[in-house]
Amino acid sequence: MSENYLRVIPSDPWWQPAPEAAGAAAHLVEELLTSGGGTVDEVGVDHYDRVTIIDAGVNTSSMVCSACRFVSDESFLMDFIERHPDGLDRLDVWVPCCGAVVPITSLRFDWPIGFARFEVSARGPSQSWLTVEQLQQVEKVLGHPVYQVLAHY
């Protein structure tokens, strides 16, 4: 069975909120997704010891290299995820298209992905994306800028 996840993460991959703010953000995300008759199966919070790849599942199909602008398929990202199951200590990555070493955050994917040590994850939301205004509400609760990743597995 396939599932959608709406994942809200901080803009800074290394940043983590205080536990109270994390819980408040999860509660707010659940409220935002269920207001107006929307539904969500489950909302949770994850803290990671290391920066973790917040992927978009099968939504991602290509990547653009920030060094040479070569467009490749999703295999680079999938291989990278497999090689780093426990997260990342550094964000520099060697890209095979041109041999450059670039920040992985500078690579552009056709579907948003991210890198974080914290996430609010909503499984099975009936609403795909939070609006700009809703994201601003989450930012206010966390005290830090955020963005979202919609994953499909």
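This report describes the salt bridges centred on Arg-123 in a predicted model.

**Salt bridges in the model**

The predicted model contains six salt bridges in total. Among the residues involved, Glu-3, Asp-41, Glu-42 and Arg-123 are joined in a network of such contacts.

**Arg-123 and Glu-3**

A salt bridge pairs Arg-123 with Glu-3, and their closest N and O atoms lie 3.4 Å apart. This contact connects distant parts of the chain: Arg-123 belongs to strand 8 (residues 114-123), while Glu-3 sits in the segment before strand 1 (4-10), 120 residues apart. Arg-123 has a relative accessibility of 23% and therefore counts as partly exposed, since the buried class requires a value under 20%.

**Arg-123 and the Asp-41/Glu-42 pair**

The side chain of Asp-41 also meets that of Arg-123 in a salt bridge, with an N to O distance of 3.6 Å. Here too, distant parts of the chain are linked: Asp-41 lies in the loop between helix 1 (19-34) and strand 2 (42-54), and Arg-123 lies in strand 8, 82 residues apart.

Glu-42 forms a further salt bridge with Arg-123, in which the closest N and O atoms are 3.4 Å apart. The two residues are 81 residues apart and connect distant parts of the chain, with Glu-42 in strand 2 and Arg-123 in strand 8. Glu-42 is partly exposed because its relative accessibility is 46%, and the exposed class begins over 50%.

**The network as a whole**

Arg-123 thus takes part in salt bridges with Glu-3, Asp-41 and Glu-42, and these residues are linked in a network.

Note on methods:
Residues numbered from 1 in each chain as written. Predicted model: local features only at pLDDT ≥ 70, side-chain atom pairs only at ≥ 80, totals over all residues. Heavy atoms only, no water. Salt bridge = Lys/Arg side-chain N within 4 Å of Asp/Glu carboxyl O. Helix = DSSP H or I, 4+ residues; strand = E, 2+ residues; numbered from the N terminus. Buried < 20%, exposed > 50% of the residue type's maximum accessible area, 1.4 Å probe, protein only.
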